[in-house]
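Trainee: Before I use any labels for this protein, I would like to see how each one is justified.

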Amino acid sequence: MDSKAIEHARRVAARVTADADGDAWKEHHWAVARFLSGSRTAVEEERWRKQLHDWRERIVASLAADAYAAVAESQDLLLDWLLTELRRGEDALGSLLALYPLPGPEREPLSASATPASEVTGDGPEFYFADVFTFVTDYLAVMIRRPLDGTSATWCPHWWEHPEAGARLSALWLAWEHLRHDAALGMTTWWIQHADPHLRVLMDPRQGPFAACSPEGHAQEPLGPLPVDPYEPT
């Protein structure tokens with residue numbers, strides 16, 4: 001299968017997953033069921049409608065329980081369904097593109113997705129997001145939904161002002177860029193082994209790097225660096 005077809009399927013899976021608990025779900029429900037059924041029969045399309053309904057219910061329940069690894073597993077499952085249909089015939093990609101066109105020059109936020117940076121620049125590594133700032137704004141901030149009450153979790157809108165946060169989020173971005181190429185377990189691995197532990201530290205309201213800030217704004221006096229004495233070899 002062409003790598004661009006796989007990439008577009010991944011783009012669609014991410015978009016549908018991010019919109020599963022929103023108003024856009026009805027349109028996704030119709031479009032994805034139509035694609036997965038291949039317009040073969042009305043019975044087949046109805047079967048997929050029911051299966052997608054159950055799939056969406058699992059995502060909604062997972063979001064309510066803050067079970068983001070389970071959301072990632074559901075996204076991987078949808079991607080597998082899309083890839084299976086794409087393998088059926090040469091016209092399948094055309095059908096998917098008709099329902100979910102590639103983004104144009106004006107970039108959509110990623111509840112929808114974005115054109116990989118390499119397709120824009122024509123050179124360099126094939127990054128889906130141009131940089132960590134785009135990754136945080138267009139993906140992480142859309143996907144992560146937590147009660148930012150300063151008790152269970154917190155955040156700083158100027159996260160880049162915190163060296164530790166910048167380093168951790170850059171690591172998350174680069175890990176995501178690498179693992180997205182694994183259509184089977186990549187996103188599950190990213191959530192469980194990368195996102196979950198990093199986010200626990202970043203969003204810790206007592207010990208995390210944003211402890212002096214709040215979701216409303218960056219603190220005038222953020223936390224200082226660790227105290228160290230100059231090393232003098234004996």
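The exchange below takes the labels in turn.

Mentor: This is a predicted model, in which local features need pLDDT of at least 70, side-chain atom pairs count only at pLDDT 80 or more, and totals for chains, interfaces and linings use all residues. Residues are numbered from 1 along each chain as its sequence is written, and side-chain values use heavy atoms, with hydrogens and water left out.

Trainee: Why are α2 and α4 called oblique to each other?

Mentor: Helix α2 (residues 25-37) and helix α4 (residues 68-86) pack at an angle of about 45°. Angles under 35 degrees count as roughly parallel, over 145 as roughly antiparallel, 65 to 115 as roughly perpendicular, and the rest as oblique. The pair is therefore oblique.

Trainee: Which residues of α2 meet α4?

Mentor: V32, F35 and L36 in α2 meet L78, W81, L82, E85 and L86 in α4; contact means heavy atoms within 4.5 Å.

Trainee: How do you know that C213 is not bonded to C156?

Mentor: A disulfide is a pair of cysteine sulfur atoms within 2.5 Å. The sulfur of C213 is 3.8 Å from that of C156, its closest cysteine sulfur, and therefore too far for a bond. The count comes to 0 disulfides.

Trainee: What makes C156 and C213 buried?

Mentor: Buried means under 20% relative accessible area, exposed over 50%, and partly exposed in between (1.4 Å probe, protein chains only). C156 has 0%, so C156 is buried. C213, at 10%, also counts as buried.

Definitions and conventions:
Axes fitted to C-alpha atoms, helices over the stretch in contact; angles between N-to-C directions. Helix = DSSP H or I, 4+ residues; strand = E, 2+ residues; numbered from the N terminus.
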